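Please find below a colleague's note on the model under review. The points are numbered for ease of reply.

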Amino acid sequence: MELEEAATERGSSGGDADRLSALPDSLLHTVMSFLKARQVVQTCVLSARWRHLWRSVPCLDVDHDEFRNSVASAPSNHPAATYDFSDSDVDSYEDSEDENDDSDDNRQREWENFEDFAESLMHRFNVAQLDSLRLHVSRARAPSFADRQAGGWLRRAMKYCTPDPPREGLSSSSWRLKRLYLCNVALEDHFAEHVGSVCHSLEDLELEDCTCGIRSITSRSLKNLVLKNCRWRHLSEITSPTLKSLVISGGSNTNECVLIIVAPAIAHLSLDVSLRFARRVSINQNPSLPSF
């Protein structure tokens with residue numbers, strides 16, 4: 001495995017200068033922020049310098065697609081086994097080009113690998129102190145209950161996280177999170193309430209292919225909101241004094257509701273939805289007045 005070989009070479013070379021590891025944590029975290037979550041965790045086997053560095057990376061990209069065509073095959077003495085995750089969590093998976101990679105058995109193994117990794121990772125990471133979180137679950141390749149399970153990971157991460165220390169203009173319960181992308185995650189009203197009450201730095205929120213029991217989205221910090229192909233039960237309100245861009249594309253809602261959008265600073269609005277998405281849409285006006 002490449003990571004194993006790199007770690008072995010560093011351990012045997014002794015006096016060789018490791019210029020990358022000599023960089024400060026802030027620069028290494030910037031580099032790691034461009035990696036997917038599994039690759040980030042795998043850096044723990046490089047050397048003692050990297051052992052816990054992944055724990056404080058500011059951007060986390062948990063992607064189901066990273067486990068496509070992968071088979072857990074690391075040996076029991078794999079270096080990662082000595083660290084915080086179990087073998088199934090941080091083992092380097094060898095990509096296989098199996099012609100039958102879309103078979104039910106392979107998809108089941110793929111989901112189990114991803115499930116083991118994501119559950120442990122979301123439990124250990126302090127979501128409140130991330131700058132950016134991306135959680136992508138492939139609806140086409142995941143089991144039917146995957147969105148509810150992913151929603152559970154997020155709910156537990158939100159419940160047990162430790163908020164940032166107080167900063168100027170923010171309370172001690174505020175999250176640092178600025179960007180949040182969720183795909184195929186089941187979300188309920190408590191998620192929207194959490195966004196409005198503690199995510200005071202959140203600027204970009206994108207929900208794609210999510211199942212949402214959310215009635216209203218309110219925020220005093222959002223600048224960009226994208227709702228793409230989501231299945232809403234009764235979305236009836238979007239309110240944000242800072243919102244500049246709103247995109248609602250596809251998806252379903254109940255045609256019995258009036259969708260009220262209060263965003264006085266909005267500069268870009270795109271509503272690409274069916275006529276059955278809502279009985280009426282009211283934008284920056286009293287809902288009793290005529291609207292389109």
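Across which strands does helix α7 lie, and at about what angle does α7 run to β6?

1. The model is a predicted one. In it, helix α7, residues 189-198, lies across β6 and β8. The direction of α7 is at about 70 degrees to β6. With 65 to 115 degrees counted as roughly perpendicular, this angle of about 70 degrees falls in that class.

2. The sheet beneath this helix may be described next. β6, β8 and β11 form an open sheet of 3 strands in the order β6-β8-β11, and the pairing is parallel. Its edges are β6 (186-188) and β11 (231-232); each has a single partner strand, so one side of each lacks a neighbour in the sheet. Strand β8 (residues 211-213) runs parallel to β11 and is joined to β11 by 2 bridges. Within this pairing, Cys212 has Trp232 of β11 as its bridge partner.

3. As to the overall content, the chain holds 7 helices and 16 strands. Its residues number 292, and 45% of them count as buried. Of the contacts with a separation of 6 or more, 55% are between residues 24 or more positions apart.

4. A second open sheet comprises 7 strands, paired in parallel and ordered β1-β4-β5-β7-β10-β13-β15. Its edge strands, β1 (59-63) and β15 (268-272), each pair on one side only. On average, neighbouring strands in this sheet are turned by 5 degrees against each other, direction ignored.

5. At the β1 edge, the neighbouring strand is β4 (residues 132-136), which runs parallel to β1 and is joined to it by 5 bridges. One of the residue pairs is Cys59 with Ser132, its bridge partner in β4. Helix α5 (residues 104-124) lies across both β1 and β4, and its direction is at about 155 degrees to β1. Since angles over 145 degrees count as roughly antiparallel, the value of about 155 degrees belongs to that class.

6. Strand β10 (residues 224-228) deserves separate comment. Parallel pairing over 5 bridges links β10 to strand β7 (residues 204-208), and Asp204 has Asn224 as its bridge partner in β10. Parallel pairing over 5 bridges also links β10 to strand β13 (residues 245-249), where Leu246 is the bridge partner of Leu225.

7. In a regular strand, side chains alternate between the two faces of the sheet. Strand β10 shows this alternation: Leu225 and Leu227 point to one face and are buried, whereas Asn224, Val226 and Lys228 point to the other and are not buried.

8. The length of helix α5 is consistent with its residue count. Its 21 residues, at 1.5 Å a residue, should span 30 Å, and this agrees with the 30 Å between its end C-alpha atoms. Its buried residues include Trp111, Phe114, Phe117, Leu121 and Met122, and also the polar or charged Asn106, Glu110, Asn113, Glu115 and Ser120.

9. Helix α5 also packs against helix α6 (residues 146-160), with an angle of about 15 degrees and 9 Å between the axes. The two helices are therefore roughly parallel, and their crossing is right-handed. From α5 the contact is made by Trp111, Phe114, Glu115, Ala118, Glu119 and Met122, and from α6 by Ala146, Gln149, Trp153, Leu154, Arg156 and Ala157. Among the α5 contributors, Trp111, Phe114, Glu115, Ala118 and Met122 are also buried.

Note on methods:
Residues numbered from 1 in each chain as written. Predicted model: local features only at pLDDT ≥ 70, side-chain atom pairs only at ≥ 80, totals over all residues. Heavy atoms only, no water. Pairing = 2+ DSSP bridges. Helix = DSSP H or I, 4+ residues; strand = E, 2+ residues; numbered from the N terminus. Axes fitted to C-alpha atoms, helices over the stretch in contact; angles between N-to-C directions. Contact = heavy atoms within 4.5 Å. Buried < 20%, exposed > 50% of the residue type's maximum accessible area, 1.4 Å probe, protein only. Expected span 1.5 Å × (residues − 1). Parallel < 35°, antiparallel > 145°, perpendicular 65-115°, else oblique. Left-handed = near helix turned anticlockwise from the far one by under 90°.
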